[in-house]
Every structure is written in structure tokens, then in C-alpha cells.
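Student: Could you help me learn to read a protein model, one feature at a time? I am new to this.

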Amino acid sequence: SNKYYHMIILVQNEIGYKNLCKLIAFSFKEGFYFKPRIDYAMLEKHSEGLIVTTACLGGHIPKLLKQGDMDAVNDRIDWFLRVFGKDRFYLEVQPEDQEEQVTLNNHLYRIAKERDLHLIAAGDCHYPTLKDHQAHEVMINIQTHGKLSDPNRFTFGDCRTYMRTPEEMLELFKDHPEAIWNAGKIADMCNFEFEMGVLHVPNFPVPEKHTEESYFIYLCKEGLERLITEGFILEKKRALYEDRLQAEIELIIKMGYVGYFLVVGDFIQWAKKELIPVG
């Protein structure tokens, strides 16, 4: 059986963005197996504010359809509807560059009609225009140590994975225009924007009677004294280094990076204490 399947997850709002971050963290920390992965239990736990599609031929439902396992397909659709609801779950169809995609699209058109589900027309985009196809073939051969002259090389074959224009997509899916317009429906549902110009630095616990700023200044000055005591800096050059340190302290405070420096300094000091190389 497959060790993983593809899925498209789109951020709808701020809650969704935070949930996506949690899923990404899980995928690297606990779900990693050759590639970062999440499981359905974790997706269910962090599903709020997210929109999902069944993805390409590598998706779970497409794979089950290829195997002809309709019971499993319906079970998985039921799960998505229970967790995401009808308006946040889409059956994804793609341009029919290969026979497998034709078969898959026909299955999805039928299921969408039978179960009154939303379709979404999407493209598997790896490069911007059709003229980039050959350059992409060269690139994946470099990546896989293949040769263009080798008939058994890794290739995207007949697939032309470029960003098609709206006109091309409307022509390709002229019998199912709702799949095109649903892209706009999803776009209208998504209203998350990154907040620019705001620093999100973790809070660093400082000793009593200290602020982050005063503790940072204290550590810097203590560090300079240690370097002089241990002979890394000559006593006669003290004034030069004190001036330089003061200038850097003022810059770091002005930029709002005090918390960041305290956090990074903390784990660098810990690493050195544990004899872990830093650099």
C-alpha cells in the first residue's frame, strides 16, 4: 500500500493558517518518513479554517478509484464531508493530458452528480508557460541523473504541466464550467492576509527586577568582561570594544530584536555547554 497520498490544503482564515502551521510542524516532527507526512486523525483535529481537494492522480480518492474500491471511496468521501462539510471539500479534476486522467475525471464527474458534491478544475503546475516544457524535462533529468536519450528516463511524459490561461481552462472543461467557477468561489471564501511589520518573537523569561532590555544589556556587558578576563580582548582596547558594543546594543534595541537575541543566545549557550558545535 502507499506510504502517503497527495492532498491540497488551502488556508481560509487566520484559524486555518494556525492549523496549517500545526500540521506542518507535526509532519516534520512525528509524521516524517522519507518525506513530511500528516495522518487523517491529525487533519481532523486541525481542520477548522481549511479547505481541501482530492488532488491529482496521487491523491487518496483517485488511487482508490483506480483500484475500483468504491466502498473505500465512499467511506473516505463520508469522512471528508463529516470533517469539512460540503462547502470545504472539492473533487479535483485536471486537464486530460493522459488516459489515466480522462478515466479519473469521468469517475469524479459521475460521483459529483450522484452525491451532489462540488468539483474544482485545477492544473498540476510546474512551470509558467508551455515553452518551458523542454527546460523542465532537462531539469528533472539533472535531478534524477538521467539522460534525455534514455527512453526509460524519469519524465512527465505527455503531461504539459504549465499554468493554463482562463480561456484554455474554460475550453478544456466546457462541459463542466461549474468546476472553473468554483475556483473563484474558493478564492472568495479565503480572506487570510499576513500581518506585516509586526514581530512575533517568543517571550523570554527574565530574572526578577529585570526587563528583557535590561537583562540583554546586562548579559552583553558581562560577556565583554568575560572576554577581557579570558584574554580574548586586550584590556588596553577596552574603550574601543565598549563603544562598539554600545552601538550594537542600541541598534538591536531600536530594531526590536532583543527577545530574539535572548532566545537564540540561550540555545547557543546551552549547545556549547552540551558540547554541540554551533555555526
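Tutor: Happy to! Helices here are DSSP runs of at least four residues, numbered from the N terminus. Keep in mind that this is a predicted model.

Student: Then let me start with one residue. Where is asparagine 182 found?

Tutor: Asparagine 182 belongs to helix H8, which covers residues 177-189.

Student: Is asparagine 182 buried or exposed?

Tutor: The cut-off for buried is a relative accessible area under 20%. Asparagine 182 has 10%, so it is buried. Leaving aside neighbours within four places in sequence, its contacts are Tyr90, His118, Leu119 and Ile120.

Student: Which other residue of helix H8 could I look at?

Tutor: Try methionine 189, which is found in helix H8. With neighbours within four places in sequence left out, methionine 189 touches Gln12, Ile51, Asp87, Arg88 and Tyr90. Its C-alpha atom lies 9.5 Å from that of valine 11, although the two residues are 178 apart in sequence.

Student: Now the strands, please. What is the order of the strands in the sheet?

Tutor: The order is S1-S2-S3-S4, in an open sheet of four strands with mixed pairing. S1 and S4 (118-121) are at the edges with a single partner strand each, so one side of each has no neighbour in the sheet. On average, neighbouring strands are turned by 35° against each other, direction ignored.

Student: How many bridges join strand S1 to S2, and which way do they run?

Tutor: Strand S1 (residues 8-11) and S2 are joined by four bridges and run antiparallel. To see one pairing, find leucine 10, which stands opposite isoleucine 51 in S2.

Student: And what about S2 and strand S3?

Tutor: S2 and strand S3 (residues 89-93) run parallel, with two bridges between them. Valine 52 stands opposite phenylalanine 89 in S3, and threonine 53 has tyrosine 90 in S3 as its bridge partner.

Student: Which helices pack on the sheet?

Tutor: Helix H1 (residues 14-29) packs on the sheet and touches S1 and S2, with its direction at about 140° to that of S1. H8 also packs on the sheet, touching S1, S2, S3 and S4, and its direction makes about 95° with that of S4.

Student: How do I read the two faces of a strand?

Tutor: In a regular strand, side chains alternate between the two faces of the sheet. Now look at strand S2 (residues 50-53): Leu50 and Val52 are on one side, Ile51 and Thr53 on the other. All four are buried, so both faces of S2 are covered.

Student: Let us turn to pairs of helices. At what angle do helix H3 and helix H4 cross?

Tutor: The axes of helix H3 (residues 60-67) and helix H4 (residues 70-84) cross at roughly 160° and come within 8 Å. Angles over 145 degrees count as roughly antiparallel, and H3 and H4 are therefore roughly antiparallel to each other. Their crossing is left-handed. H3 contributes His60, Ile61, Leu64 and Leu65 to the contact, while H4 contributes Met70, Ala72, Val73, Arg76, Ile77 and Phe80. By class, that contact has eight nonpolar, one polar and one charged residues.

Student: How do helix H9 and helix H10 cross?

Tutor: The axes of helix H9 (residues 212-229) and helix H10 (residues 238-255) come within 11 Å and cross at roughly 155°. H9 and H10 are therefore roughly antiparallel to each other, and their crossing is right-handed. On the H9 side, the residues that meet H10 include Phe216, Ile217 and Leu224; among those in H10 are Tyr241, Leu245 and Ile249. This contact divides into 10 nonpolar, one polar and five charged residues.

Student: One last residue: where is the place of threonine 161?

Tutor: Threonine 161 sits in the loop between helix H6 (133-143) and helix H7 (166-172).

Student: Is threonine 161 buried or exposed?

Tutor: Its relative accessibility is 4%, so threonine 161 counts as buried. Leaving aside neighbours within four places in sequence, threonine 161 is in contact with Asp124, Cys125, His126, Tyr127 and Phe156. The C-alpha atoms of threonine 161 and threonine 129 are 8.6 Å apart, with these positions 32 residues apart along the chain numbering.

Technical notes:
Residues are numbered from 1 along each chain as its sequence is written. This is a predicted model: local features need pLDDT of at least 70, side-chain atom pairs count only at pLDDT 80 or more; totals for chains, interfaces and linings use all residues. Side-chain values use heavy atoms; hydrogens and water are left out. Axes are lines fitted to C-alpha atoms, for helices over the stretch in contact, and angles run from 0 to 180 degrees between N-to-C directions. Angles under 35 degrees count as roughly parallel, over 145 as roughly antiparallel, 65 to 115 as roughly perpendicular and the rest as oblique. A crossing is left-handed if the near helix is turned anticlockwise from the far one by less than a right angle, and right-handed if clockwise. Contact means heavy atoms within 4.5 Å. Ala, Val, Leu, Ile, Met, Phe, Trp, Tyr, Cys and Pro count as nonpolar, Asp, Glu, Lys and Arg as charged, and the others, Gly among them, as polar. Buried means under 20% relative accessible area, exposed over 50%, partly exposed in between (1.4 Å probe, protein chains only). Two strands pair if DSSP finds at least two bridges between them.
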